[in-house]
Amino acid sequence: MRFDLTDLRLFLHVVEAESITQGAERAGMALPSASARVRGMEETSGVLLLDRGARGVRPTAAGEAVAHHARIVLGQMEQMRGDLQLYARGLRGKIRVFSGRAAMAHLPEILRGYLADHPTIDIDLEERQSVDVVAAVAGGHADLGIAADTTDAGALETRPFETDHLVVVVPDGHRFEQREHVRFSEVLDEPFVGLPADSALQGHLAIHAAREGKPFKLRIRLDSFEDICAMTSSGIGLSIVPEVYALRYQTEMAFKMVALSDEWALRHLLVCARSFSALPVHARDLVEYLTSKNRNPLSLDEAHGRKSG
């Protein structure tokens with residue numbers, strides 16, 4: 001079988017997009033050429049690799065095997081490219097990172113410093129639910145993931161990244177505004193502004209509300225912590241958000257933060273990978289940077305200054 005790297009990359013794009021047309025676009029290839037390559041792979045292997053239907057394509061069992069080995073081969077090629085960076089200037093590397101929402105609040109500032117120090121490295125950063133982060137890393141769709149420890153990481157290797165403190169946001173004048181901390185059970189009689197039902201944090205809160213034997217009374221669901229805090233500051237309902245987001249919006253909105261004292265309100269954010277030692281050198285370097293307590297993120301002014309210098 002003579003599959004080249006172009007074949008393998010194209011096939012992965014097709015499998016992930018569930019479409020030969022979209023897979024060809026992602027690979028930067030004309031559709032006739034992409035279709036011919038996929039047919040050639042099937043003719044060479046002697047088996048059908050894709051089930052074709054009106055709604056797209058799905059890999060057969062043989063196709064799943066090809067996709068699995070393609071990820072391994074392309075991962076090894078990326079590792080080699082990264083290792084060669086130790087010896088050759090100008091060779092670029094890319095790291096694909098999936099992150100949960102809580103970690104996304106920390107990453108832009110941290111990654112500014114990393115990218116400024118590593119001009120030949122690009123980072124493809126996507127926000128996903130923690131459970132999807134773990135699945136993507138386990139399936140080889142991302143090099144690294146950052147997820148809350150409330151999500152089972154399975155067989156993935158993990159390292160600590162940051163802590164995520166949950167706080168209760170209350171509007172100015174609320175009876176809880178003078179409290180330093182409050183238990184979850186004390187606020188469950190209040191109306192709330194929350195996240196969509198499929199969000200990891202909202203699911204986490206719903207589980208603990210059920211354990212308290214009280215319903216979680218949501219007046220509205222919003223997809224943005226900024227919008228949630230704004231709605232709370234207008235007196236629509238309380239909200240529970242990561243402290244890092246509440247701090248970001250507190251100076252411009254009329255609300256107070258009250259610490260949530262329940263033990264589960266302190267979540268740990270973890271960097272995860274299938275194997276840290278098997279990562280390309282530039283990805284291993286990013287892991288060390290993310291998990292180091294001595295990292296020194298650049299301010300925007302510093303980043304601009306270094307770029308101009």
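The following exercises, each with a worked solution, concern a predicted model of one protein chain.

**Exercise 1. The chain as a whole**

State how many helices and strands the chain has, and what share of its residues is buried.

*Solution.* Begin with the secondary structure: the chain holds 13 helices and 12 strands. Next, consider burial: of the 309 residues, 43% are buried. For the overall extent, the C-alpha trace spans about 70 × 55 × 35 Å along its principal axes. Finally, turn to the contacts between residues at least 6 apart in sequence: 73% of them join residues at least 24 apart.

**Exercise 2. The nonpolar cores**

Determine how many residues form the largest nonpolar core, and which of them have the most contacts inside it.

*Solution.* The largest nonpolar core consists of 58 residues. Those with the most contacts inside this core are Leu144, Phe161, Phe184, Leu260 and Leu290. Its largest share comes from strand β6 (residues 157–171), which contributes 6 residues. Another core, of 19 residues, lies apart from it and has Leu10, Met41, Val57 and Ala67 among its members. As a last step, take Leu260 alone: leaving aside residues up to four places away in sequence, Leu260 touches Leu166, Val167, Val168, Val182, Arg183, Phe184, Ile240 and Ala265.

**Exercise 3. The buried side of two helices**

Identify the buried residues of α10 and of α6, and explain how they are arranged around each helix axis.

*Solution.* Start with a general point: an α-helix has 3.6 residues a turn, so residues three or four places apart point the same way.

- In α10 (residues 225–233), the buried residues include Phe225, Ile228, Cys229 and Thr232. These residues are on the same side of α10 because they cover an arc of only 95° around the axis.
- At the N-terminal end, Ser224 caps α10, with a side-chain oxygen 3.2 Å from the backbone nitrogen of Glu226. Just after α10, Gly235 adopts a positive phi of about 85°.
- In α6 (residues 107–117), the buried residues are Leu107, Ile110, Leu111, Gly113 and Tyr114. They too share one side of their helix, since their arc around the axis is only 155°.
- The elements covering the buried residues of α6 include β3, α5 (101–104), β4 (121–127), β5, β6 and α12 (281–291).

**Exercise 4. Empty space**

Give the volumes of the largest cavity and the largest pocket, and name the elements that line them.

*Solution.* Recall first that rolling a probe the size of a water molecule over the atoms shows where empty space is left. The count of cavities of 30 Å³ or more is 2. The largest cavity encloses about 40 Å³, and its lining is formed by Val134, Ala147, Ala148, Thr151, Ala153, Thr158, Leu270 and Cys272. Two or more of the lining residues come from each of β5 (144–148) and β12 (266–273).

The largest pocket holds about 1100 Å³. Its lining has 31 residues, and Leu74, Gly75, Gly140, His141 and Asp143 lie nearest its centre. At least two lining residues each come from α1 (5–17), α4 (61–84) and β3 (93–99). Helix α4 gives the most, with 9 residues.

**Exercise 5. A loop residue**

Decide whether Thr60 is buried or exposed.

*Solution.* Thr60 belongs to the loop between β2 (56–59) and α4. Its relative accessible area is 13%. The cut-off for a buried residue is under 20%, and Thr60 is therefore buried. Among residues beyond four places away in sequence, Thr60 touches Leu48, Leu49, Leu50 and Asp51.

Terms used. Residues are numbered from 1 along each chain as its sequence is written. This is a predicted model: local features need pLDDT of at least 70, side-chain atom pairs count only at pLDDT 80 or more; totals for chains, interfaces and linings use all residues. Side-chain values use heavy atoms; hydrogens and water are left out. A nonpolar core is a set of buried Ala, Val, Leu, Ile, Met, Phe, Trp, Tyr and Cys residues joined through side-chain atoms within 4.5 Å. Buried means under 20% relative accessible area, exposed over 50%, partly exposed in between (1.4 Å probe, protein chains only). Helices (H or I, at least four residues) and strands (E, at least two) are DSSP runs, numbered from the N terminus. Contact means heavy atoms within 4.5 Å. The arc is that of the directions from the helix axis to the C-beta atoms. A polar contact is a pair of N or O atoms within 3.5 Å; within protein, one must be able to donate a hydrogen and the other to accept it, and residues adjacent in sequence count only if both atoms are side-chain atoms. On a 1 Å grid over the protein atoms alone, a cavity is a set of points where a 1.4 Å probe fits but cannot get out, and a pocket is an open set with protein on both sides within 12 Å along at least five of seven lines; lining residues have an atom within 4 Å of a point. Grid points are joined across faces, edges and corners, and a volume is the space filled by probe spheres set on the points.
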